[in-house]
Amino acid sequence: MTPAPDAHAPATTATPGGGGVRVEDLLARRTGWDRSDAVSRILAAATAPGVLSMAGGIPAPDSFPVARLAEATGRLFAGSAVSALQYAPTPGTAAMREVVAARATETGAPASPGRVMVTAGSQQGLDLVARTLIDEGDEVALDDPSYLGAVQVFRRAGARLLPVPGDRDGMRTDVLEQRLAAGARPKLVYVVPHFHNPTAAVLPVERRRHLAALAERYGFLVVEDDPYGDLAFEGGRLPSTDVHSGRVVRLMSLSKTVCPGLRVAGLVAPAALIGELVAAKQCADLQTNTFGQYLLADLLGDPEFLPAHLAGLRALYGERARSMEALLRERLPWLDFERPRGGLFFWCRLTDPRVGSDALYAHALAEGVAIVPGTPFCIEEDGSRVLRLSFASLDEEQRREGVARLATAWEKALTDGP
Ligand code: PMP
C-alpha cells in the first residue's frame with residue numbers, strides 16, 4: 001500500500017515555510033524537561049505479539065468484575081441512562097464523590113465529599129497536583145527508585161527532584177529529615193505507601209507518623225499515591241498518612257482494584273486546595289467520564305460488592321505471587337528478592353556480577369519475555385543490578401514459560417559477557 005502523502009511534511013524539510021520556523025521550534029520549554037520514553041517502551045514491549053509480559057503493572061484481566069459491571073450497565077440503560085451520558089460537574093458526580101469520601105474515611109482520616117475530586121485515573125490526579133502546586137525550580141522529594149509516571153509528571157512540571165533513598169520499609173524518612181535540616185524545602189513529598197512500584201515496600205506506621213510530623217514542621221504537602229493498598233495478601237493495609245496530618249493529598253486509584261479502562265479514580269485534598277485542583281481539572285478535560293462514574297458509584301456503593309471482590313483479588317494475586325516465588329527460587333537462583341506482601345511486583349537484585357539488568361532485559365526480550373530493568377526507575381541510585389517483575393497478568397502456564405525464557409536469556413547473557 002502506498003502511504004498517503006503527508007500534508008504537513010514541508011514543515012520539517014530544510015527550507016520550511018512558516019518564515020523558517022520549524023513546527024518543533026514551537027514546543028514549550030517544559031517538553032524538553034522530561035525526555036524519558038521509558039513508560040512508552042515498557043507498554044510497547046508488554047503488548048508486542050508473542051511476548052510474555054512481566055513488564056507493565058497490568059492487572060489480571062480475569063480480576064475484572066465483568067458480570068457485575070454488565071449488570072450495572074443494564075440497570076442504567078433499563079432506567080434513565082440520560083444523566084449518565086450527560087456532562088457532569090467538574091469535581092465528579094455526587095454519588096461518586098460520596099463513595100470515594102466513604103472509602104477514604106474507612107482507610108484514613110474522615111473525608112467529606114466536598115474534599116473529593118474524581119479524576120481520569122490517579123495519573124491525572126498527579127498531573128493536576130503538579131500543575132497546581134509546582135513552579136519551575138520547586139523541589140519535590142520522592143523515593144529513589146520511584147514510580148516512573150510520577151517522575152515524568154514532576155519533571156515536566158519543572159520540579160527539581162530530591163531523591164530520598166529507601167530500604168525494605170520504603171522511604172528513609174530519617175534521611176528526608178536530614179535533608180530538610182540541611183535546608184531542603186520541598187513543596188511536595190511523594191510516596192506510594194503500600195506495595196510500592198517498583199520496590200513492593202510498605203511504609204510502616206512509624207514512618208508515616210514521622211513523615212506527617214515533618215510535613216507539619218516544614219510545611220510541605222504529602223502526596224500519597226496508593227493504587228495497591230487493597231492488594232495485601234499478607235497482613236492488611238495501614239491507615240493513610242492523613243490520620244497524622246491534614247497536609248496530605250490522597251490519590252485513590254481504582255485501576256488495580258476494579259479496572260483501569262474506565263479511567264475513574266478518587267483524589268482527596270485539604271479543603272483549601274480542592275478549588276484550585278478543580279480549576280486545573282476544568283482546564284484539562286472539564287470532567288471525568290460520567291458513564292464510568294455512574295458504574296463505579298453503583299459497584300462501590302453496594303455494601304456486598306467491595307469486601308467480596310477485594311477478598312477475591314487478594315486470593316488471586318497471593319496465589320500468583322506464591323507460584324512466581326517458587327518458580328523464581330527454583331529456576332533463577334541468581335535473583336535475590338524479598339517476598340512481596342501485596343501488590344503486583346517482585347523487585348529483584350542480580351547477585352552475579354557478570355550480567356547486568358540492561359543486558360538481561362535485551363536478552364529476555366529476544367527470548368520473548370518482557371521485564372523492566374532498574375535504571376528507568378532510579379534517579380540517583382544505581383539501577384544497573386536491579387529489575388522489576390510483575391506476576392499479575394500471566395496465568396500459571398505462561399508464568400512457567402516466562403521464567404523458563406528468563407533462564408535461557410540469562411544463559412545467553414552470560415555467554416555474551418557484561
Ligand atoms: N501511581 C502508581 C504508583 C502506579 O503504579 C500507577 C499505575 N501503574 C498509577 C499511579 C496510575 O494509576 P491510574 O491507572 O489510576 O492512573
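**Notebook: loops, sheets and ligand shell**

I began at F195, which I found in the loop between β6 and α7 (helices, H or I of at least four residues, and strands, E of at least two, are DSSP runs numbered from the N terminus). The phi angle of F195 is near 50°, a positive value in a residue other than glycine. I noted at once that the model is predicted, so that local features need pLDDT of at least 70 and side-chain atom pairs count only at pLDDT 80 or more, while totals for chains, interfaces and linings use all residues. Residues are numbered from 1 along each chain as its sequence is written, and side-chain values use heavy atoms, with hydrogens and water left out.

I then looked up the cis peptide bonds. P198 also sits in the loop between β6 and α7, and the bond that leads to P198 from N197 is cis, with omega near 20°. The bond from D144 to P145 is likewise cis, with omega near 5°, and I placed P145 in the loop that connects β3 (139–144) with α5 (148–156).

Next I traced the sheet that holds β6. This open sheet has eight strands in the order β2-β9-β8-β7-β6-β3-β4-β5, and its pairing is mixed (two strands pair if DSSP finds at least two bridges between them). At its edges I found β2 (116–119) and β5 (170–171), each of which pairs on one side only. Strands β6 (188–191) and β7 (221–225) run parallel and are joined by four bridges, and V191 stands opposite E224 in β7. I also followed helix α7 (205–218), which lies across β4 (160–167), β5, β6 and β7 and runs at about 145° to β7 (contact means heavy atoms within 4.5 Å; axes are lines fitted to C-alpha atoms, for helices over the stretch in contact, with angles from 0 to 180 degrees between N-to-C directions).

I turned to the ligand, where 14 residues form the surroundings and S122, D225, Y228, S253 and S255 come nearest (near means a heavy atom within 4 Å). I sorted this shell into five nonpolar, six polar and three charged residues, and noted that helix α4 (121–133) gives the most to it, with three residues. For polar contacts (pairs of N or O atoms within 3.5 Å) I recorded a ligand oxygen 2.9 Å from a polar backbone atom of Q123, a ligand oxygen 2.5 Å from an N or O atom in the side chain of Y228, and a ligand nitrogen 3.0 Å from an N or O atom in the side chain of K256. The ligand taken alone exposes 400 Å², of which the protein buries 91% (Shrake-Rupley method, 1.4 Å probe).

Last, I checked the open sheet of four strands, whose order is β10-β11-β14-β13 and whose pairing is antiparallel. Because β10 (335–337) and β13 (372–373) stand at its edges with a single partner strand each, one side of each is left without a neighbour in the sheet. I counted three bridges in the antiparallel pairing of β10 with β11 (345–350), and F337 has C348 as its bridge partner in β11.

Definitions and conventions. Polar contact = N/O pair within 3.5 Å; in protein donor to acceptor, adjacent residues only side chain to side chain. Nonpolar A, V, L, I, M, F, W, Y, C, P; charged D, E, K, R; others polar.
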